[in-house]
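Q: Got a minute to go through a model with me? I'd like to cover cysteines, a serine and a helix pair.

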Amino acid sequence: MSTGLVILSVLFAGFAVSYGWGIRGFVIGGEKGALLPGALLGIAVAFFSLGESGQELWPFFVAAGALSMFYGGTETYAQTMSFLLSRDKEGPYFGQLKKGVIGIFLKGALWFSIPGFVLAMLPGALTGLYSPSEIIIMFILFPVVSFIGTRIFNMPYCKEKKIFPKLYFSLDRREEWGSNVMIILVLLIFAFINGDLFAVGAGITGFITGGLGFLIGLVFYDIERRQGKKIFGKLSSKGYIDGWKIMEHTFGAFAGGGVMLYFALSSSHFTALCEKIDLSALTLGNDTYICAAVCLVLLAVTALQYPLSAIIKKKTGEEPDIHIFEILERPLWSAVPLIFIFLGSPSAAAFGTFATLSWALTEKCSVEWYEKSEYKTAIRTIFRIMWPLLLIFFFINIKSISLTSTILLYTVGYTGACVIYSFLPDRIKEYRSKKKTFAASFGSGVTVTGHLVVQSIILIIVSLYFG
């Protein structure tokens, strides 16, 4: 890859993942919110590294990026950030800068190391470097070692008795980063066993750039929130700039661009490997619908939490504890579909790129979001109608899901949800009736949403060019 193309690929990846991270902090959050930046990282890798095989293989990398970025969403980091940012000498966070730096670096590093490994291991799996039994064992181990990791690194924990783990980067919140340590250990072992040093390098790169990206993002956030001169001058002082969003966009840009730099500099090896892939020779290479149908059933199982929760709440009058569904989401949303993808299933790859992310968006917007809006029923109904229509579109076009339609989902769908939320009729009505200033009524929602719209337009143009 030429120097110019390397630079272009890094800039695009940084831009795309920055958008995805900004959306994550706006719309969904958690593991499901992390799907989008992971998918966009996969798109960047596919754009610039697949060569002639790109048309057939891009869904595999997009789905693998999304489903592997999923695991970092288990990490809690707000209190960890406070150790870095607090200047209240009487507060509980003051004087623990070292804990904050180590904690934030570690959490960002673990987050991006997993997709670094997975994206780099995928072409090896699709060319036979990893046997089908190794692939199945590796991903089945994910939920097992996740459980073990939290017990080793994040226990004991009892908030009421103030009993916390020895390695602890919060004030009183439960942490789960130990699960990701063990997942990375599994990936590292399987990569070494098969001599996949390329994957080891990608995992290390994700570790370094993810950790540094999170810290650099916090530096910008800290500058923006201080009293006195701010980065964006009057826009900041009037409330149009959100320092938290600056942090998210910076984190995504640095970490995403850093991982892409590794793939770009290794493009000759990566592209040559991808061009050897023959899907028809793989275990699930001729699958058309079955694996996608199984993935749909797995998502439906986790969605049972909503009607079940409503039934229990109606009978008892209390909010039920259905933590078991959160535990189930990790293998059913990610680990099992990744097995299908690594075994060469085109339908699972297509499902992961399109249907899984549309489900995540619809689930959030039709069940949880817009709670304070008097129009919530109408808005949620629209999203509930949208999901089956998108699902029908997906299965009709499963053999030919295009890069452009996928990008349209990621941009129009996700950014559209942000626009609706930022400019709800309730807010417009309040602005007109109470005669508040525009800044007081909408504030940073204007610039944040506007920025996401501009990013969406650019991503659509790029996808039309490459697609």
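A: Sure, here is a short run through those topics; bear in mind that this is a predicted model.

Q: How many disulfides does the structure hold?
A: Zero.

Q: What about Cys291, where is the nearest cysteine sulfur?
A: That sulfur belongs to Cys295, 6.7 Å away. A disulfide needs the two sulfurs within 2.5 Å, so this pair does not count. Cys295 is likewise in no disulfide.

Q: Is Cys291 buried or exposed?
A: Buried, with a relative accessible area of 6%.

Q: And Cys295, buried or exposed?
A: Also buried, at 2% relative accessible area.

Q: Switching to Ser347. Where is that residue placed?
A: In helix 16, which covers residues 346–368.

Q: Which residues is Ser347 in contact with, leaving aside neighbours within four places in sequence?
A: Asp287, Thr288, Tyr289, Ile290, Cys291, Ala292, Phe394 and Ile398. So Cys291 from before turns up again here.

Q: Why does Ser347 count as buried?
A: Because its relative accessibility is 1%, and the cut-off for buried is under 20%.

Q: Now the helix pair. At what angle do helix 3 and helix 18 cross?
A: Roughly 150°, with the axes coming within 12 Å. Helix 3 spans residues 35–49 and helix 18 spans 403–422.

Q: Left-handed or right-handed crossing?
A: Left-handed.

Q: Which residues meet there?
A: Helix 3 brings Leu36, Ala39, Leu40, Ile43 and Phe47. Helix 18 brings Leu403, Ile407, Tyr410 and Tyr414.

Q: What is that contact like by class?
A: Nine nonpolar residues, no polar and no charged ones.

Conventions:
Residues are numbered from 1 along each chain as its sequence is written. This is a predicted model: local features need pLDDT of at least 70, side-chain atom pairs count only at pLDDT 80 or more; totals for chains, interfaces and linings use all residues. Side-chain values use heavy atoms; hydrogens and water are left out. Buried means under 20% relative accessible area, exposed over 50%, partly exposed in between (1.4 Å probe, protein chains only). Helices (H or I, at least four residues) and strands (E, at least two) are DSSP runs, numbered from the N terminus. Contact means heavy atoms within 4.5 Å. Axes are lines fitted to C-alpha atoms, for helices over the stretch in contact, and angles run from 0 to 180 degrees between N-to-C directions. A crossing is left-handed if the near helix is turned anticlockwise from the far one by less than a right angle, and right-handed if clockwise. Ala, Val, Leu, Ile, Met, Phe, Trp, Tyr, Cys and Pro count as nonpolar, Asp, Glu, Lys and Arg as charged, and the others, Gly among them, as polar.
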